[in-house]
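Subject: Structure for your review

Dear colleague,

Please find below the structure that I am handing over to you. My notes on it follow, and I would be grateful if you could read them beside the sequence.

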Amino acid sequence: MPRVIECLDERTASLAETCDALNARGFDPHDEDSLAHAALWLRRLGNDDRFLGDVLVNQLAQRHREDSMENAYSPQVVMLAPPNGNTFIRANIWPSADEHMVRASGGDSFVLGLPHDHNFDFLTLGYFGPGYWSDYYEYDYGEVTGWRGEAVPSLRHIGRSRLEPGKLMLYRAHIDVHAQYAADALSVSLNIMHTTGAQGWLDQYRFDLERGEIGAIVSPGPSEAFLKLAVALGSDEALDLASRFARRHPSDRLRLAAWDALAARESDAAARDALWREAEGAGSRLVAMEAKTRRAELVGA
């Protein structure tokens, strides 16, 4: 399960002070000194029980006049400090199960009950409210290729706990899996996120816990969407690019996206089957296993 960080400090720090401290040293979760430094400043920031409310009130007062893509994230997530080097800071808002937004939108909209890992490391601190619950699991990322239905023999349940106020944890990329459940009451967590240039090419998975299998890849990048749109528009250049990506791109995920884009252009089931049969022998185990699934779906359609 995520590593609990014991970091006791009663001092408070402003958001600006925290950003300055992190910008000066960065955040490397694999370096103990760097990890301790970031955890200390997250603790101090969390000790200020008024700063987040002040940030939100200020944003509302400005009526989002200063909104930009750097500050945007999602309605559930507040970007407190945009990416600087390999680090950014955010706040996550976790509604309880009986709140209208959860009842109206469903738990999936808040990633509730969706067992998943992360393709990045991050520190998290329980800031407000009782905190969300999680069932925690661990697995060996190196043993899986990532196709739907792939068995994950190493996936094992570690325990259930809650991100209580003041609890500070490190979620480890490609190790920690959690199925998250609604907080007992509205809660907020603070995160210091670690990013790398390779992150966009590293897969994040949803897991089928009953079967002990990969459920899906849940980290598609913009390249996949752009490629599918370009192929759908039908230019010769886009088709040529997709054909080359499908057969030779170093990312298996993008190769699969290219095959999907090419298959979507085929109106005839026999043509799609022939294309996926070709994909099975194109040199990627991920693509081959997904191609078998696509061909089986064509038979059952």
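How many residues does helix H2 have, and what distance does it reach from its first C-alpha to its last? Helix H2, formed by residues 32-46, has 15 residues and reaches 21 Å between those two atoms, close to the 21 Å expected at 1.5 Å a residue. Please bear in mind that this is a predicted model.

The chain as a whole

The protein chain contains 9 helices and 11 strands. Its C-alpha atoms fill a box of roughly 65 × 45 × 40 Å along the principal axes. Of the 301 residues, 46% are buried. Among contacts with a separation of 6 or more, 72% are between residues 24 or more positions apart. The chain exposes about 15300 Å², and carbon and sulfur atoms supply 52% of that area. There are 31 positive and 45 negative charges, and the mean positions of the two sets are 3 Å apart.

Helix H2

At the N-terminal end of H2, aspartate 31 acts as a cap: one of its side-chain oxygens lies 3.1 Å from the backbone nitrogen of aspartate 33. The helix is mostly covered, with 11 of its 15 residues buried. The buried set includes Leu35, Trp41, Leu42 and Leu45, and also His37, Arg43 and Arg44. Ser34, Ala38, Ala39 and Gly46 are buried as well.

Which elements cover these buried residues? The cover includes two helices, H1 (15-25) and H3 (51-62). It also includes the strands E1 (3-4), E4 (122-128), E7 (168-171) and E9 (187-194).

Glutamate 278

A second site that I examined is glutamate 278, which is placed in helix H8 (residues 269-280). Is this residue buried, partly exposed or exposed? Glutamate 278 is partly exposed, because its relative accessible area of 40% falls between the cut-offs of 20% and 50%.

Leaving aside residues up to four places away in sequence, glutamate 278 touches Arg247 and Trp259. With arginine 247 there is a polar contact between the two side chains, at 2.6 Å. Alanine 291 is 13 residues from glutamate 278 along the chain, and the C-alpha atoms of these two residues are separated by 8.8 Å.

Yours sincerely

Notes:
Residues numbered from 1 in each chain as written. Predicted model: local features only at pLDDT ≥ 70, side-chain atom pairs only at ≥ 80, totals over all residues. Heavy atoms only, no water. Helix = DSSP H or I, 4+ residues; strand = E, 2+ residues; numbered from the N terminus. Expected span 1.5 Å × (residues − 1). Buried < 20%, exposed > 50% of the residue type's maximum accessible area, 1.4 Å probe, protein only. Contact = heavy atoms within 4.5 Å. Polar contact = N/O pair within 3.5 Å; in protein donor to acceptor, adjacent residues only side chain to side chain. Areas by Shrake-Rupley, 256 points an atom, 1.4 Å probe, with all protein chains shown as cover. Lys, Arg positive; Asp, Glu negative; His and termini not counted. Charge placed at Lys NZ, Arg CZ, Asp CG, Glu CD.
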